[in-house]
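Colleague: I have a new model on the screen and a lot of words I don't trust yet. Can we go through them one by one?

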Amino acid sequence: MNTPFTSAEAQHAVELLASRPLVRLVTEIDDNGAIPPRRLAGTLHDLATHHLRSASDTARAHGLVRITPGTGLELTEAGAELADLYDEMARWARRHAVPASVCDFSGRIRCVLELLAPSITTECADGAEAGLDRLRTLLLQWLVGNPQVSTVSEPEPVA
């Protein structure tokens, strides 16, 4: 796949996708279905209110979730594909004890994304381990299909 991203785009995508609140939101909806907005804090009780709001706003802005009347926050197609990608990353990380033999799901996702970040800015994975190279390909395919995630907005000009 010859669609490397700039360092800024890769960094932006990794920071966004590795955000613990976003990982928790996407995987919770994937595992248990839509979440009514008023139940968000009760469902993800381990996250502060401002983190929940930020994750929800970010996920909506990037087309990962939508609010459906009568149901609540549900995954879009892009969000469901991201949840599948998270699952693949977590399986690889568990198999390889990355970052440690005991680690939470979002920690594993963050670590795998950090391992992949340098390789998504180049044409090849530089001999990366086969499983990690497969994850790189899956991540690149997802990013190409969801360019809004890696787009770095230009800073507003100062008047």
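**Words and the values behind them**

Colleague: What makes Pro4 count as partly exposed?

Modeller: Pro4 has 35% relative accessibility. Buried means under 20% relative accessible area, exposed means over 50%, and partly exposed is what lies in between, using a 1.4 Å probe and protein chains only. So 35% puts Pro4 in the partly exposed class.

Colleague: And what are we looking at overall?

Modeller: It's a predicted model, so local features need pLDDT of at least 70 and side-chain atom pairs count only at pLDDT 80 or more, while totals for chains, interfaces and linings use all residues. Residues are numbered from 1 along each chain as its sequence is written, and side-chain values use heavy atoms, with hydrogens and water left out.

Colleague: How many helices and strands does the protein chain have, and what makes something a helix or a strand?

Modeller: The chain has seven helices and two strands. Both are DSSP runs numbered from the N terminus: H or I over at least four residues for a helix, E over at least two for a strand. From the N terminus on, the order is α-α-α-α-β-β-α-α-α. Of the 159 residues, 39% count as buried.

Colleague: Back to Pro4: where is it, and how far is it from Thr121?

Modeller: Pro4 sits in the segment before α1 (7-17). Pro4 and Thr121 are 117 residues apart in sequence, but their C-alpha atoms are 4.7 Å apart in space.

Colleague: How many disulfides does the structure hold, and how do you know?

Modeller: Zero. A disulfide is a pair of cysteine sulfur atoms within 2.5 Å. For the sulfur of Cys103, the closest cysteine sulfur is in Cys111, at 7.4 Å, so that pair is too far for a bond.

Colleague: Which of the classes buried, partly exposed and exposed do those two cysteines fall into?

Modeller: Cys103 has a relative accessible area of 27%, so it is partly exposed. Cys111 is at 16%, so it counts as buried.

Colleague: Why is the pair Arg20 and Asp46 called a salt bridge?

Modeller: A salt bridge is a side-chain nitrogen of Lys or Arg within 4 Å of a carboxyl oxygen of Asp or Glu. The closest N and O atoms of Arg20 and Asp46 are 2.9 Å apart, so the pair passes. Arg20 lies in helix α2 and Asp46 in the loop between α3 (40-43) and α4 (49-61), so the pair ties together parts that are 26 residues apart in sequence. Both ends are partly exposed: Arg20 at 34% and Asp46 at 37%.

Colleague: How many salt bridges are there in total?

Modeller: Seven. One of them joins Arg60 and Asp57, with N and O 2.7 Å apart; these two are three residues apart in helix α4, about one turn. Another links Glu114 and Arg110 at 3.4 Å, N to O. Glu114 and Arg110 are four residues apart in helix α6 (residues 105-116), so about one helical turn separates them. And salt bridges that share partners join Arg20, Arg24 and Asp46 into one network.

Colleague: Which residues form the patch of negative charge, and what makes it a patch?

Modeller: Asp30, Asp31, Glu77, Glu81 and Asp84 gather there, on the surface. Two elements each give two or more residues, α2 (20-32) and α5 (77-95), and α5 gives the most, with three. Patch residues have over 30% relative accessible area and no salt bridge, and like charges are joined within 9 Å. Take Asp31, in helix α2: its 57% is over the 30% limit, and Asp31 counts as exposed too.

Colleague: What is unusual about Ala97 and Pro99?

Modeller: Most residues other than glycine have a negative phi, and most peptide bonds are trans. Ala97 has a positive phi of about 50 degrees although it is not a glycine. The peptide bond from Val98 to Pro99 is cis, with omega near 0 degrees. Ala97 is in the loop between α5 and α6, and Pro99 is found in the loop between α5 and α6 as well.

Terms used. Patches are made of residues with over 30% relative accessible area and no salt bridge: like charges are joined within 9 Å, nonpolar side chains (Val, Leu, Ile, Met, Phe, Trp, Tyr) within 5 Å. Accessible areas come from the Shrake-Rupley method with a 1.4 Å probe; for residues, only the protein chains shown count as cover. Lys and Arg count as positive and Asp and Glu as negative; His and the chain ends are not counted. The place of a charge is taken as NZ of Lys, CZ of Arg, CG of Asp or CD of Glu.
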